[in-house]
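Before this model is taken further, here are some points to read alongside the coordinates. They begin with confidence and then turn to the fold, the annotated segments and individual residues.

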Amino acid sequence: MTSYRELSKKAQKANNMWWRLSGLLGDQNRMFMYILFQAIFTVATMALTVPIFMSYRLHVIFQILKVSAAVWNGGSFLLEVMPRQVIMKEKKKSEMQPIKTENTTNDNNSVETNHQS
């Protein structure tokens, strides 16, 4: 039950609706609720395949919804997540840079040239 373990960790941290629903029968029955929710989701998803396959209109609507969801998620990522990541990266970079001290000697002037005779 690797997916259960990983999803339960994420849901517990988020404390979202799914975590509260999975604890409806108590903490000891969370795995049973996960299996039940997974079964309901699987049946609902499979039940939609035949009508979508048989109806051109439903198929087109489904395709439009898929593309819209992908565009929405991509746009949200670019506009919300990427700026936060850039800010955090810049903040880490500025914290990692050592404090610059003025040095009276210039390293460029101390370049030695070797001439062979």
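1. Confidence varies along this predicted model: within the protein chain, helix α4 (residues 56–96) has the highest mean, at 91, whereas helix α1 (residues 2–14) has the lowest, at 69. Over the protein chain the average pLDDT is 79, and 72% of the residues score at least 70. As a general caution, predicted coordinates should not be read in detail where pLDDT is low.

2. As to the overall fold, the protein chain contains 4 helices and 0 strands, and its elements follow the pattern α-α-α-α when read along the sequence. Of its 117 residues, 9% count as buried, while the exposed surface of the protein chain comes to about 11,200 Å², with carbon and sulfur atoms supplying 64% of that area.

3. An unreviewed UniProt entry carries the annotation "transmembrane region" for residues 31–54 and 60–82, and the model can be set beside that record. Residues 31–54 are 100% helix and 0% strand, with the end C-alpha atoms 36 Å apart; residues 60–82 are likewise 100% helix and 0% strand, and there the end C-alpha atoms lie 32 Å apart.

4. Helix α3 spans residues 30–54 and therefore has its 25 residues set against an expected span of 36 Å, on the definition of 1.5 Å times one less than the number of residues. From its first C-alpha to its last, α3 reaches 37 Å, which is close to that expectation.

5. Which residues of α3 are buried? They are R30, M33, Y34 and I52. For Y34, which has its place in helix α3, the relative accessible area is 17%, and Y34 is classed as buried because the cut-off is under 20%. The C-alpha atoms of Y34 and G23 are separated by 9.4 Å, the two residues being 11 apart along the chain.

6. L36 also lies in helix α3, but its relative accessibility is 36%, so L36 counts as partly exposed, a class that runs between the 20% and 50% cut-offs. Together with L24, L25, F32 and I40, L36 makes a nonpolar surface patch of about 500 Å². In general, an α-helix has 3.6 residues a turn, so residues three or four places apart point the same way.

Key: Residues numbered from 1 in each chain as written. Predicted model: local features only at pLDDT ≥ 70, side-chain atom pairs only at ≥ 80, totals over all residues. Heavy atoms only, no water. UniProt positions renumbered as here; feature names shortened; annotations may be inferred. Helix = DSSP H or I, 4+ residues; strand = E, 2+ residues; numbered from the N terminus. Patch = residues over 30% accessible without salt bridge, like charges linked within 9 Å, V, L, I, M, F, W, Y side chains within 5 Å. Areas by Shrake-Rupley, 256 points an atom, 1.4 Å probe, with all protein chains shown as cover. Salt bridge = Lys/Arg side-chain N within 4 Å of Asp/Glu carboxyl O. Buried < 20%, exposed > 50% of the residue type's maximum accessible area, 1.4 Å probe, protein only. pLDDT = per-residue confidence, 0-100.
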